[in-house]
Amino acid sequence: VLQVALGQRDAITIFGDDYPTPDGTCVRDYVHVDDLAAAHLLALEKLAPGVGLQMNLGSGSGASVRAVIESCRRVTGHSIPVAIGPRRPGDPPELIADASLARQSLGWRPRYTELDEIVASAWRWHQSHPRGYDD
């Protein structure tokens, strides 16, 4: 979506707008990369040699594809054209993480909980690295 705002793509494609969700688009759990990194650091502190940890990380709430696009429009000030494509096979209508094990065993909670806050951070990064890490 942010590549559209940067002018690197003409439009963003929404793959299916007829799901049984409030706006017809898939709902996903979005987590800030800093929150994911913090969880991994906490997990490294808990690890014992030869023992692994497996847990979900997420905010516990979801945002639809349309909500993400609207957030990107607000944050960037760009119109962000949308194309509607067919559903992708196997895409479930909603995926939201249950991060209760991470909360209980690591004391982890995401710091960034608002979608606009996550998008704003990503937008700042993309503006300073328009070609990714190749810059």
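What do the buried residues of α2 pack against? They pack against α4 (100–106), and the views below start from the whole chain before returning to that spot. This is a predicted model, in which local features need pLDDT of at least 70 and side-chain atom pairs count only at pLDDT 80 or more, while totals for chains, interfaces and linings use all residues. Residues are numbered from 1 along each chain as its sequence is written, and side-chain values use heavy atoms, with hydrogens and water left out.

**Figure 1. The whole protein chain has 5 helices and 5 strands.** Helices (H or I, at least four residues) and strands (E, at least two) are DSSP runs, numbered from the N terminus. Follow the sequence and you will meet them in the pattern α-β-β-α-β-α-β-β-α-α. The C-alpha trace spans about 50 × 40 × 25 Å along its principal axes. Of the 135 residues in the protein chain, 30% are buried; here buried means under 20% relative accessible area, exposed over 50%, and partly exposed in between (1.4 Å probe, protein chains only). Contact means heavy atoms within 4.5 Å. Among the contacts with a separation of 6 or more, 81% come from residues 24 or more positions apart.

**Figure 2. Helix α2 (residues 33–46) keeps its buried residues on the same side.** Asp35, Ala39 and Ala43 are the buried residues of α2. They sit on the same side of the helix because they cover an arc of only 80 degrees around the axis, where the arc is that of the directions from the helix axis to the C-beta atoms. On the face turned away from this buried side, look for the exposed residues Val33, Leu41, Leu44 and Glu45. The 14 residues of α2 should span 20 Å at 1.5 Å a residue, and its end C-alpha atoms are 20 Å apart, which agrees. The expected span is 1.5 Å times one less than the number of residues in the helix.

**Figure 3. Helix α5 (residues 115–128) has buried residues covered by other parts of the chain.** The buried residues of α5 are Leu115, Ile118, Val119, Ala120, Ser121 and Trp123. Their cover includes α1 (2–5), β3 (63–64) and α3 (65–76). This helix has 14 residues and reaches 20 Å from its first C-alpha to its last, close to the 20 Å expected at 1.5 Å a residue.

**Figure 4. The largest nonpolar core has 13 residues.** A nonpolar core is a set of buried Ala, Val, Leu, Ile, Met, Phe, Trp, Tyr and Cys residues joined through side-chain atoms within 4.5 Å. In soluble globular proteins, nonpolar side chains tend to be buried together. Within this core, Cys72 and Ile80 touch the most other members, and α1, β1, α3 and α5 each supply at least two of its residues. Cys72 touches Val1, Leu2, Gly77, Ile80 and Val119, leaving out residues up to four places away in sequence. A second, separate core of 6 residues includes Ala39, Ala43, Ala99 and Trp108.

**Figure 5. Strand β1 (residues 12–15) runs parallel to strand β4 (residues 82–85).** The two are joined by 4 bridges; two strands pair if DSSP finds at least two bridges between them. Ile14 has Ile84 as its bridge partner in β4. The covered face of β1 holds Ile12 and Ile14, while Thr13 and Phe15 are on the uncovered one.

**Figure 6. A separate view shows the open sheet of 3 strands, in the order β3-β2-β5.** Its pairing is mixed. β3 and β5 stand at the edges with a single partner strand each, so one side of each is left without a neighbour in the sheet. β2 and β3 pair in the antiparallel sense over 2 bridges, and Val27 finds its bridge partner in β3 at Ser64.

**Figure 7. Arg28 is found in strand β2 (residues 27–28), and Glu94 in strand β5 (residues 94–95).** Arg28 counts as buried because its relative accessibility is 17%. A polar atom of the Arg28 side chain lies 3.0 Å from the backbone oxygen of Pro92. Leaving aside neighbours within four places in sequence, Arg28 is in contact with residues including Ser61, Asp91 and Glu94. Glu94, at 48% relative accessibility, counts as partly exposed. Not counting residues up to four places away in sequence, Glu94 touches Val27 and Arg28. By contrast, the C-alpha atoms of Glu94 and Leu2, 92 residues apart along the chain, are separated by 22 Å.

Methods. A polar contact is a pair of N or O atoms within 3.5 Å; within protein, one must be able to donate a hydrogen and the other to accept it, and residues adjacent in sequence count only if both atoms are side-chain atoms.
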